[in-house]
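I am opening a fresh page of my notebook for this structure. I will go from one pair of strands outwards to the whole chain.

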Amino acid sequence: MNLMKTFYITTPIYYPSGKYHIGSAYTTCLCDSVKKYKQLNGYDARFLTGNDEHGQKMAETARKNNKTPQEHVDYMAELSKELWELLKIDYDDFIRTTEDRHEVVVQKIFERLLENNDIYLGEYSGHYCMSCEAYFTETQLIDGNICPDCGLETKVLKEETYFLRLSKYADRLLEYIEKNPDFIVPETRKNEVVQFVKSGLNDLSVSRTAFDWGVKVKSNPKHIVYVWIDALSNYITALGYGSDNDKLYQKYWVNGDEVIHVVGKDILRFHAIYWPIMLMALDLPIKFRLFAHGWYLMKDGKMSKSKGNVIYPEQLVDAYGLDAFRYYIVRELTYGHDGEFTPENYVKRINTDLANDYGNLVSRTVSMVNKYFDGKVSTTKHNHDYKEFELDLEKVANESFINYKNAMDEFKIAEALSEISALVRRTNKLIDDTFPWDLAKEESKKEVLESVMYHLLEGIRLITILYQPFLLETTPKVFSDLEVENKYRGFDAYQFGQIESYQVAKKIKHLFPRLDVEKESEHIREMMASNKPKEEPKKDYQVKPEIDFNDFTKLDLVVGKIIDAKPHDNADKLLVFTVDTGDKIRSIVSGIAKYYQPKELINKNVLVVVNLKPVKLRGVLSEGMILSVESKNGELTVIELPQNLKPGDKIN
Ligand code: MSP
């Protein structure tokens, strides 16, 4: 019988619409590091990732690339696996939603929900956004037909559709969340979900008839299963749920000890509402917890190829190595918050934590041990003047271990890593406190010097134990340079004094060469600029039917000054602006959150249509429209007007 506790961790399955940038790499590296950490803790850990390959958007992307959808997703699956291989991601399974093992079970899940009357057939008529694969009500639309989430045009569709009875399960879900306070972390995200459920859940449309790239509903094949029902099921279809061999499902899910889905904040609702309700309706256990993380943003807002601010993991790994990338990517975002990628931070972070602190400690220590003791030192008794420093280091190391574990157990990776950095600095301080070069001058201090060296080596060993889930190439190198046997590399050997004596390598290479901040930041900026598409993809454009001058004059266009801007509480893709348009201060909602951080636009003069009929967009009043330019590839840029203009100045 297996007595090890089990741990099952998953990334979202990614949409393979384009090359993965550092955002996707973030979640995947985080999960991989947590898996390795759990293994060091003695868990039987399993890690699932994969691709979400169905849906109209995917079919559209394939068409643009002159491929069939299947050709496109096959090609992208290979590219994804190559990236994960480069990043040394140790996943146990890679699920693709176009695989038989998945599709067959999704069909079964759908049929079962139908049998239980949790899914019923109805009709849906509304404005459909192809890009978001979602319907919107009239009051949600911007300007009559624009999607409030992505800003693209919607189409009126009427279709027969199946609905999932979300409403039936809302109370049970709230009760579940209340009884399981750790179900959704961080707490702020949990609160968002609770608020949303409390505001009322409508039944969810869970099938489509307008396209066919997806899983067919078995009993009514003109319907395609809604992409999110299809996608969410992956977490159990990959374990063999519903198949002839469901051993893994029984082991890691039904009888499993811990299951964690790591997701970005933008897809929290699907995981925190639809997924548990699906499981309740299927009468399956809700075994998972959710960790919702923030986003990597760029100085000028979100990552976008056309802004020339996208950076790919391959480029950074190629230039500065795998460990530097894996370290940075999980270090820079703090728990649950968004963070900014900047070339300077990237270089400085590597220099400070890895080159100056850790790398330097290892190289200084190894060279002193060689110089003073010909590479060999043994443990000594604490019977000398410097024992206080050594004892204090031992104490700090013990505390660091506890703090590191607490942080890792709660997915506070940045905190865990800064705990290690503090221990590195404390170990380096032993050198500053004891002046080994002075001790070396006196023969009578030889034993003291040996004890200091021994403590430095043990300090390095403990630090290296903690770094193992992150620095995949460096830590085995350090262990082998210090000739640390495998049995002293685990968490169970994390204690000063475990190794009797050390024999270190004669010469070691610097673990992380120090980088020139200015030069290398510039190099990263150049790489980012080189990712900007040279030529914009062509989009068919047809001039609209002619209008009279009179029609044009009906529009009241004025200069507006943006006084304030904030995210919309209920829609990730919307921003809410407070705009001075001369006549009054207006609230204007705009679907540009994908392209701008709110603060970027404050104090800017913009072009506003002020006589549009006010509408409520996801509950917030919008009294006008801020005009933007849509580039050929669909990116929006707000039209900025010169600063000398005043709010209310007319545009003729
Ligand atoms: N296919 C769905 C997930 C289905 S899971 C049953 C999906 N795919 S996605 O490719 O659009 O996004 C995958 C994940 O990448 C999401 O968790 C999203 O938050 C994350 N990220 C995308 N860009 C990101 C950053 N810039 N920074 C951090 N994570 C980001 O949604």
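**Entry 1: a strand pair and its sheet.** I looked up His 127 and found that it stands opposite Val 156 in β6. The two strands concerned, β4 (residues 119-129) and β6 (residues 155-164), run antiparallel and are joined by 10 bridges. I noted that helices (H or I, at least four residues) and strands (E, at least two) are DSSP runs, numbered from the N terminus, and that two strands pair if DSSP finds at least two bridges between them. Following the pairing further, I arrived at an open sheet of four strands in the order β5-β4-β6-β8, with antiparallel pairing. Its edge strands are β5 (134-136) and β8 (204-205), each of which pairs on one side only.

**Entry 2: how the model is to be read.** I reminded myself that this is a predicted model, in which local features need pLDDT of at least 70 and side-chain atom pairs count only at pLDDT 80 or more, while totals for chains, interfaces and linings use all residues. Residues are numbered from 1 along each chain as its sequence is written, and side-chain values use heavy atoms, with hydrogens and water left out.

**Entry 3: Asp 572.** I found Asp 572 in strand β18 (residues 571-580). Is Asp 572 buried or exposed? Asp 572 counts as exposed because its relative accessibility is 53%, where buried means under 20% relative accessible area, exposed over 50%, and partly exposed in between (1.4 Å probe, protein chains only). Leaving aside neighbours within four places in sequence, I listed Lys 265, Asp 266 and Ala 593 as its contacts (heavy atoms within 4.5 Å). I also checked Pro 148, which is 424 residues away from Asp 572 along the chain, and the separation of their C-alpha atoms is 9.6 Å.

**Entry 4: Phe 552.** I located Phe 552 in helix α20 (residues 549-553), and I recorded it as partly exposed because its relative accessible area is 37%.

**Entry 5: the whole protein.** I recorded 20 helices and 26 strands for the protein, and I noted that 55% of its 652 residues count as buried. Among contacts between residues at least 6 apart in sequence, 75% join residues at least 24 apart. Along its principal axes, the C-alpha trace spans about 100 × 70 × 45 Å. The radius of gyration is 29 Å, which agrees with the value near 26 Å for a compact globule of 652 residues; this radius is taken over C-alpha atoms, and the globule rule is 2.2 Å times the number of residues to the power 0.38.
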